[in-house]
Amino acid sequence: MDERLEAVRELWGTYREQGVEPAIALLDAEVEFVDHEGRVFNGHDGVRSFFAEFEERGEVFMASPYSFELHEPDLLVIGHRRIRSEEGTRGDYLFFVHSFRDGRVSRLAAHVSKEDALADIAERYRGQTWPS
């Protein structure tokens with residue numbers, strides 16, 4: 001199995017089974033985490049900040065992967081996120097681009113469409129050497 005696929009499956013499985021903090025430990029220390037609105041959260045503390053925003057509003061953030069697709073050099077996860085609050089639960093399908101450095105996810109960017117996610121991959125690597 002491709003090592004990127006293994007890393008991303010481990011990341012999502014850890015998030016689902018153990019929670020945010022153990023999953024953060026699997027990310028590159030300098031991870032760039034981009035939410036579906038384009039806001040950027042840097043490093044492990046940035047990822048913690050992203051999840052803390054939901055807690056501060058009295059919400060619970062949940063995300064589940066449905067499929068994993070290699071799109072060289074990245075990996076795309078098609079999934080669903082749900083946000084539960086006192087008013088109920090709302091959800092959206094999202095497309096999560098995972099980029100890698102030294103076997104760890106170094107960038108995770110959420111997009112509202114597959115087309116946007118694939119354009120993100122294409123734009124970032126246009127004319128560049130892929131990272132290892």
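These are legends for a set of close-up views of a predicted model.

**View 1. Phe33 and Phe41 meet edge-to-face.**
Let's start with the aromatic rings, where the count comes to 13 aromatic pairs. One of them is Phe33 with Phe41, with 6.5 Å from centre to centre and 75° between the planes. Neither ring is out in the open: Phe33 is buried, with a relative accessible area of 9%, and Phe41 is buried as well, at 8%.

**View 2. Phe50 and Phe54 pair up within helix α3.**
Here the ring centres are 5.2 Å apart. The planes of Phe50 and Phe54 sit at 75°, so this pair gets the edge-to-face label; the cut-off for that label is over 60 degrees. Both residues belong to helix α3, which covers residues 43–56, and they are four residues apart, or about one turn of the helix. Phe50 is buried at 6% relative accessible area, and for Phe54 the value is 6%, buried too.

**View 3. Ring pairs join up into a cluster.**
Zoom out a little from the two pairs. The cluster linked by ring pairs takes in Trp12, Tyr15, Phe33, Phe41, Phe50, Phe51, Phe54, Phe61 and Phe96. So the Phe residues of both earlier views, Phe33 and Phe41 along with Phe50 and Phe54, are members.

**View 4. Two arginines lie over phenylalanine rings.**
Arg57 lies over the face of Phe54, 4.8 Å from the ring centre. Phe54 is the ring that also pairs with Phe50. In the other case, Arg9 lies over the face of Phe68, at 5.1 Å from the ring centre.

**View 5. Trp12 is a buried residue of helix α1.**
Trp12 lies in helix α1 and has a relative accessible area of 7%, which makes it buried. Leaving out neighbours within four places in sequence, Trp12 is in contact with Ala63, Ser64, Pro65, Phe68, Val77, Phe96 and His98. Two names on that list have come up already: Phe96 is in the ring cluster with Trp12, and Phe68 is the ring under Arg9. For a backbone reference, the C-alpha atoms of Trp12 and Ala23 are 7.5 Å apart in space, and the two residues are 11 residues apart in sequence.

**View 6. The structure holds one cavity of 30 Å³ or more.**
The largest cavity has about 290 Å³ of space. It is lined by 21 residues, and the closest to its centre are Trp12, Phe33, Phe51, Phe61 and Leu108. Among them, Trp12, Phe33, Phe51 and Phe61 are also part of the ring cluster. As for the elements around the cavity, α1 (3–18), α2 (20–24), β1 (32–34), α3, β3 (60–71), β5 (88–101) and β6 each supply at least two residues of the lining.

**View 7. Arg107 makes polar contacts with Glu32 and Asp120.**
Arg107 is found in strand β6, residues 104–111. Despite its charged side chain, the residue counts as buried, at 14% relative accessibility. Its side chain makes a polar contact of 2.8 Å with the side chain of Glu32, and another polar contact, of 2.9 Å, joins the side chains of Arg107 and Asp120. With residues up to four places away in sequence left out, Arg107 touches Val31, Glu32, Val34, Val97, His98, Ser99, Asp120 and Arg124. His98 is also a contact of Trp12.

**View 8. A cis peptide bond leads from Glu72 to Pro73.**
Most peptide bonds are trans. The one from Glu72 to Pro73 is cis, with omega near 5°. Pro73 is found in the loop between β3 and β4, where β4 spans 74–85.

**View 9. Asp102 has a positive phi.**
The backbone has another spot worth a look. Phi of Asp102 is near 55°, a positive value in a residue other than glycine. Asp102 is found in the loop between β5 and β6, and at 64% relative accessibility it counts as exposed.

**View 10. Glu115 is an exposed residue of helix α4.**
Helix α4 covers residues 114–125, and Glu115 lies in it. The relative accessible area of Glu115 is 59%, so it is exposed. Glu115 and Arg16 are 99 residues apart in sequence, and their C-alpha atoms are 26 Å apart in space.

Methods. Residues numbered from 1 in each chain as written. Predicted model: local features only at pLDDT ≥ 70, side-chain atom pairs only at ≥ 80, totals over all residues. Heavy atoms only, no water. Phe/Tyr/Trp six-rings, centres within 6.5 Å; stacked < 30°, edge-to-face > 60°. Buried < 20%, exposed > 50% of the residue type's maximum accessible area, 1.4 Å probe, protein only. Lys NZ or Arg CZ within 6 Å of the ring centre and 35° of its normal. Polar contact = N/O pair within 3.5 Å; in protein donor to acceptor, adjacent residues only side chain to side chain. Contact = heavy atoms within 4.5 Å. 1 Å grid on protein atoms, 1.4 Å probe; cavity = no way out; pocket = protein on both sides within 12 Å on 5 of 7 lines; lining within 4 Å. Points joined across faces, edges and corners; volume = space filled by probe spheres on them.
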